[in-house]
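The following exercises are to be worked with the sequence and the coordinates at hand. Each task is followed by a solution in steps.

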Amino acid sequence: YQSSDFSTKNKVYLISLAALFLIVVIWIVTGSGPETETTVKIPVKSGKFDIIVTTTGELEAKSSEKIMGPVNLRDFRIWQVKLEDIIPDGTVVDSGEYVATLDRTELVNKMKDQELEIEKLETQYTKTQLDTTLELRSNRDNLINLKYALEEKQIVVDQSIYEPPATQRQAKIELERAQRNYEQAVENYEVKLRKAEADMQEINTSMKKVKSDYNKMVSLLNEFTIYAPKSGMVIYRRGWDGQKQGIGSQISVWEPVVAELPNLREMKSKTYINEIDISKIKVNQEVRIGVDAFPDKRFTGKVIEVANIGQQLPNSNAKVFEVSIEVNEFDSILRPAMTTKNEILTASLDDVLFIPLDCVQSNDSISYVYAGSLRKQVILGPSNENEVVVKAGLENGEEIYLVPPADAEGNRLVRLDPSVLEKFREEDGQREKQ
């Protein structure tokens, strides 16, 4: 009895599967299921058409205060200094709080050299002072002796009045010689004294300069610890390659910027437009801005700057132009380096026909769409990312295929009247001349 019941259940199960399979086959053959993509039709739309260039950008502050490192490094022939430590990017600090430390090694080595130079000059100064003192003392002793000798000669002359004229003349000659020797010794002493004073002054001046430089180095050393000039959010500076400059990066003495404190109340999005679209971009064009981090937030903005010269981004062969977009609204959620989606409204056309770009097919320089069992030639106008303006060939509300229907390659092509084509060619030519 149990075996018979099991067999009956199996038969019912198999019959159900067969019926289900038959239903699926009939549904596929008759095409009674949902409409597939190849049979989707859409109406030609009319109304306002916005021409938009969409690009990805990065938020940054319109203005910021630079956190500077030492500005006098060049005075001591230090051309680069390494960032030894810095607080994390995006840290909020108060005025006077610690921000970063620079590598002191090169400056400390130069300070040691200065200390040795100071010791050398002090020794030289002392030695020169002693040598000068001994030499001048000897010269002063010589002057005293010469003066005594001059007095003795004078006595001899005074006593020679009772001597023969020849003896008197000889005494006077000896007195004149002693007088001349004394005067020359006085002059030499004064010259040596001035020279000694000049030598001492030279050494003293050199020593003062070295000590002054050393004191400046001591002050400069204190500047290797960087503090925030005011309250704000610390943002790392970027190098020539666009990379953030953190610990281990080099600070140039020509622009010793360690980090920045951006003004978060005024933000802009920096983006790059390819050379195909850059001719559409103009200053003051309106922009719709989205932030990837907050998809529900929407902002408005305007183009404030368009680069005149293109550039080549790293790891890319395409030429791009830098464009700056001002964000109109303030929101505390906006932070530098956030990714934005910028929709730049380059033009807006009123009361035009437009269709999805996917509808348009091309063959032998002719653009056409599938409408019913026909292929209809169309003249296209400006486009955005998803849709294109139709100048001629279709009517408002007319239904066309989103993608070519199956086996529609041989559909008859309905061409536009040549006069219509010529009219639009003339309009395009006049527009190019303007």
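## Exercises on a predicted model

Asp351 belongs to strand 17, which spans residues 339-356. The model is a predicted one.

**Exercise 1. Determine the backbone phi of Asp351 and decide whether the residue is buried or exposed.**

Step 1. The phi angle of Asp351 is near 55 degrees, a positive value in a residue other than glycine.
Step 2. The relative accessible area of Asp351 is 67%. The cut-off for an exposed residue is over 50%, so Asp351 is exposed.

**Exercise 2. Describe Asn284 and Gln285, with regard to location, accessibility and contacts.**

Step 1. Asn284 is placed in the loop between strand 12 and strand 13. Gln285 is likewise found in the loop between strand 12 (267-274) and strand 13 (286-291).
Step 2. Although Asn284 is not a glycine, its phi is positive, at about 80 degrees.
Step 3. Asn284 has a relative accessible area of 54% and is therefore exposed. Gln285 reaches 10% relative accessibility, and therefore counts as buried.
Step 4. A polar atom of the Gln285 side chain lies 2.8 Å from the backbone oxygen of Lys280.
Step 5. With neighbours within four places in sequence left aside, Gln285 is in contact with Lys280, Gly301, Lys302, Val303, Ile344, Leu345 and Thr346.

**Exercise 3. Establish where Asp331 lies and which side chain it joins in a polar contact.**

Step 1. The loop between strand 16 (319-327) and strand 17 contains Asp331.
Step 2. Buried means under 20% relative accessible area; Asp331, with 15%, is therefore buried.
Step 3. The side chains of Asp331 and Lys297 are joined by a polar contact of 3.3 Å.
Step 4. Apart from neighbours within four places in sequence, Asp331 is in contact with Lys297 and Phe299.

**Exercise 4. Characterise the surroundings of Ser95, and state how far it is from Ala228 in sequence and in space.**

Step 1. Ser95 is located in the loop between strand 5 (92-93) and strand 6 (98-102).
Step 2. Its relative accessibility is 47%, so Ser95 counts as partly exposed.
Step 3. Between Ser95 and Ala228 the separation is 133 residues in sequence, but 5.3 Å in space from C-alpha to C-alpha.
Step 4. Beyond its neighbours within four places in sequence, Ser95 is in contact with Ala228, Pro229, Lys230 and Ser231.
Step 5. The distance from the backbone oxygen of Pro229 to a polar atom of the Ser95 side chain is 3.4 Å.

**Exercise 5. Analyse the packing of helix 2 against helix 3: at what angle do their axes cross, and with which hand?**

Step 1. Two packed helices are described by the angle between their axes and the distance between the axes.
Step 2. The axes of helix 2 (residues 105-159) and helix 3 (residues 165-222) come within 8 Å, and their crossing angle is roughly 165 degrees.
Step 3. Angles over 145 degrees count as roughly antiparallel; helix 2 and helix 3 are therefore roughly antiparallel to each other.
Step 4. Their crossing is left-handed.
Step 5. Sorted by class, the residues in the contact of helix 2 with helix 3 are 30 nonpolar, 12 polar and 14 charged.

**Exercise 6. Summarise the protein as a whole: how many helices and strands does it have?**

Step 1. The secondary structure amounts to four helices and 24 strands.
Step 2. Of the 434 residues, 33% count as buried.
Step 3. Among contacts between residues at least 6 apart in sequence, 77% join residues at least 24 apart.

Key: Residues numbered from 1 in each chain as written. Predicted model: local features only at pLDDT ≥ 70, side-chain atom pairs only at ≥ 80, totals over all residues. Heavy atoms only, no water. Helix = DSSP H or I, 4+ residues; strand = E, 2+ residues; numbered from the N terminus. Buried < 20%, exposed > 50% of the residue type's maximum accessible area, 1.4 Å probe, protein only. Contact = heavy atoms within 4.5 Å. Polar contact = N/O pair within 3.5 Å; in protein donor to acceptor, adjacent residues only side chain to side chain. Axes fitted to C-alpha atoms, helices over the stretch in contact; angles between N-to-C directions. Parallel < 35°, antiparallel > 145°, perpendicular 65-115°, else oblique. Left-handed = near helix turned anticlockwise from the far one by under 90°. Nonpolar A, V, L, I, M, F, W, Y, C, P; charged D, E, K, R; others polar.
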